[in-house]
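Here is a protein model to read with some care. The questions ask how its descriptions are justified.

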Amino acid sequence: MKVGIVGDATRTVAWEKHLRPHGIVSEVNLVPSISDLGDVDACLILDNSAENLDTLLDAVQNGHSSFLIAKQPTDIKKLEKIHRAAKESGVKIQFSHWPTLAPATQWMMDSIHRPHFIHINRYVNRNVLVDPVNEFRNIWIDELGLCVKWIDSGIHHIEAQSSWLDNNNPISIHLFLRFDNGSTASIVIYTSSQENQHQRIASSKTEVLDCNVPTQSIRIGRLNDSGHLFFGKQTFDPAQAAEKAALLFLKSIQLNSETAYSGYDAIQLAKQIEKVEQRLGLFS
C-alpha cells in the first residue's frame with residue numbers, strides 16, 4: 001500500500017517512522033500539499049490550521065482515503081459535506097480522536113461493547129496549560145466524544161455545569177449524559193489540581209474496567225462462574241498510540257470496513273458539543 005503524508009516536513013518525518021514498521025506499507029511519500037500526492041492508496045493529513053477541513057474535503061474529492069491528524073473539528077456543515085463526499089467517492093475518513101484510538105481504549109471497547117456506565121475524572125495541573133480556554137474546551141470535547149462513540153445510542157438528556165474565575169480562567173466542568181438505551185456517562189474535569197490524574201471507568205452487568213489513562217493500564221474486574229468478583233490487569237504502551245492509530249486506518253481501507261473514528265462519529269460529536277454549549281450558556 002502506497003501512503004502519502006501531507007504537512008510540515010518535521011511532523012511528516014515523525015509520522016513516517018510510525019508507518020515504516022507495517023508490512024502493508026510499501027511506500028511512503030512526504031509532500032507539502034494535497035496537489036503533490038500523486039497516486040496513493042491513503043494519505044495522512046497533518047494540519048491544525050483553521051482550514052484543515054477544506055484540505056480534507058479536497059483530498060476526499062480527489063479520491064484519497066484520508067486520516068486527519070488534528071484537534072477534533074466541530075464545524076457540523078463542513079463535516080457533513082465531507083461525509084457525503086466520502087460516501088460518493090467510496091473513500092475512508094478517520095479523525096485523530098485520541099481517546100478512542102488509544103490502544104487501551106480499543107481493548108476496552110472490544111471487551112465491553114456498550115457499557116451501562118462510564119465515569120471519567122481528569123485533574124490537570126494548571127502549569128501544563130499554555131492556552132487554558134481552548135485547551136479546557138478540547139479536554140472536555142475529547143472525553144465527550146469517547147462517551148458518545150462508545151455507548152453508541154441517542155442522548156436522552158444532557159446536564160452541563162462549568163465554573164470559571166473569569167473569562168480566561170476555567171476551573172471545572174461536570175457533564176452528565178443519559179442515553180436512550182438507559183446508559184449514563186459522567187465527566188468531571190478540574191484544571192487547578194496539584195498533580196495530573198486521568199481515570200476512565202466503564203462497567204457492564206458482568207465486568208468493570210478501570211483505566212489509568214497516562215500509563216494505559218487497565219484494572220479489570222469480572223464475575224467468575226460462582227459469582228465472585230476477581231481482578232486482573234492489562235497494560236499497553238502509550239508510545240505506540242500513533243503507530244496503532246495509523247494501522248487501524250490502513251486496515252479499514254484494506255478490509256473496506258468502517259474506520260475507528262469516522263466522519264459519522266465526528267458529526268455526532270459536533271452535534272452534542274453544540275448541545276452542551278447551549279446548556280452551559282444557560283448558566284453563564
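What follows is a short set of questions and answers on one helix and one sheet.

Q: What kind of model is this, and how are residues numbered?
A: This is a predicted model: local features need pLDDT of at least 70, side-chain atom pairs count only at pLDDT 80 or more, and totals for chains, interfaces and linings use all residues. Residues are numbered from 1 along each chain as its sequence is written, and side-chain values use heavy atoms, leaving out hydrogens and water.

Q: Which residues of helix α1 are buried?
A: In α1 (residues 9-19), they are Thr 12, Trp 15, Glu 16 and Leu 19. Buried means under 20% relative accessible area, exposed over 50%, partly exposed in between (1.4 Å probe, protein chains only).

Q: Why are these buried residues said to lie on the same side of α1?
A: They cover an arc of only 115 degrees around the axis, so they share one side. The arc is taken from the directions from the helix axis to the C-beta atoms. The face turned away from the buried side carries the exposed residues Thr 10 and Lys 17.

Q: What makes Asp 8 a cap of α1?
A: A side-chain oxygen of Asp 8 lies 3.1 Å from the backbone nitrogen of Thr 10, at the N-terminal end of the helix.

Q: What makes β2 and β5 edge strands?
A: Five strands form an open sheet, in the order β2-β1-β3-β4-β5, with parallel pairing. β2 and β5 (93-95) each pair on one side only. Two strands pair if DSSP finds at least two bridges between them; β1 and β2 have five.

Terms used:
Helices (H or I, at least four residues) and strands (E, at least two) are DSSP runs, numbered from the N terminus. A polar contact is a pair of N or O atoms within 3.5 Å; within protein, one must be able to donate a hydrogen and the other to accept it, and residues adjacent in sequence count only if both atoms are side-chain atoms.
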